[in-house]
Amino acid sequence: MYIASLTTSNRADWIKDISVLSTEDNSGIDITSATIVVSVRDPEGDNRGYQRLYGSTSDGIITFPDPTDTSKFRWTFPRASMAALPAGDYDMGITIEIDGVTTQAAAGKLYIIDGVVP
């Protein structure tokens, strides 16, 4: 599992490419048949656990952008979704399910900065 620490703006599309590599030999793992989920939630306070962003391969937020690289996926959260997030830090996680086995690929923090522009 990767311990994530990502930063993005709440005034732009959030587009992120991720490659899934074998820990044994650093080769790419074919994930084109996988179900991938990314989730961002409030970490504390009255809204602890409230899901702020959610995307998966089934809703089109997560796609496979390069047919020649079967180990890469991309998520795209549009600016409208990002604008709903106040600046601050959030919990995030990514799971990958292949052949009925779910792996926690990453978990950690997402830091949202105020993008300043209207």
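This report describes a predicted model, moving from its sheet to its core, its largest pocket and one buried residue.

## The sheet

Five strands make up an open sheet, and they lie in the order E1-E8-E7-E3-E4 with mixed pairing. At the edges are strand E1, which covers residues 2-9, and strand E4, which covers residues 51-56, and each of these pairs on one side only. From one strand to the next, the twist averages 20 degrees. As background, the strands of a sheet pair through backbone hydrogen bonds, and this pairing can be either parallel or antiparallel.

One pairing within the sheet can be followed in detail: strand E3, residues 35-41, and strand E7, residues 88-98, run in the antiparallel sense and are joined over seven bridges. Within this pair, threonine 35 stands opposite glutamate 97 of E7.

## The nonpolar core

In soluble globular proteins, nonpolar side chains tend to be buried together. The largest nonpolar core of this model has 24 residues, and those with the most contacts inside it are Trp14, Ile36, Phe73, Trp75, Phe77, Met92 and Ile94. At least two residues of this core come from each of E1, E3, strand E6 (72-77), E7 and strand E8 (101-113), while the largest share, four residues, is supplied by E7.

Phenylalanine 77, which is among the core residues with the most contacts, shows what such surroundings look like. When residues up to four places away in sequence are not counted, phenylalanine 77 touches Asp13, Trp14, Val38, Leu53, Tyr54, Gly55, Ile61 and Met82.

## The largest pocket

The largest pocket has a volume of about 480 Å³. It is lined by 23 residues, of which Tyr2, Val20, Leu21, Ile96 and Ala105 are the closest to its centre. The elements that give two or more residues to this lining are E1, strand E2 (14-19), E6, E7 and E8, and the largest share of the lining, five residues, comes from E8.

## Serine 9

Serine 9 has its place in strand E1, which is one of the two edge strands of the sheet. Is serine 9 buried or exposed? Its relative accessibility is 18%, and because a residue under 20% is classed as buried, serine 9 counts as buried.

Leaving aside neighbours within four places in sequence, serine 9 is in contact with Met82, Ile113 and Gly115. The last of these partners shows how the chain brings separate parts of the sequence together, for serine 9 and glycine 115 are 106 residues apart in sequence and yet 5.2 Å apart in space, C-alpha to C-alpha.

Technical notes. Residues numbered from 1 in each chain as written. Predicted model: local features only at pLDDT ≥ 70, side-chain atom pairs only at ≥ 80, totals over all residues. Heavy atoms only, no water. Pairing = 2+ DSSP bridges. Axes fitted to C-alpha atoms, helices over the stretch in contact; angles between N-to-C directions. Core = buried A, V, L, I, M, F, W, Y, C linked by side-chain atoms within 4.5 Å. Buried < 20%, exposed > 50% of the residue type's maximum accessible area, 1.4 Å probe, protein only. Contact = heavy atoms within 4.5 Å. 1 Å grid on protein atoms, 1.4 Å probe; cavity = no way out; pocket = protein on both sides within 12 Å on 5 of 7 lines; lining within 4 Å. Points joined across faces, edges and corners; volume = space filled by probe spheres on them.
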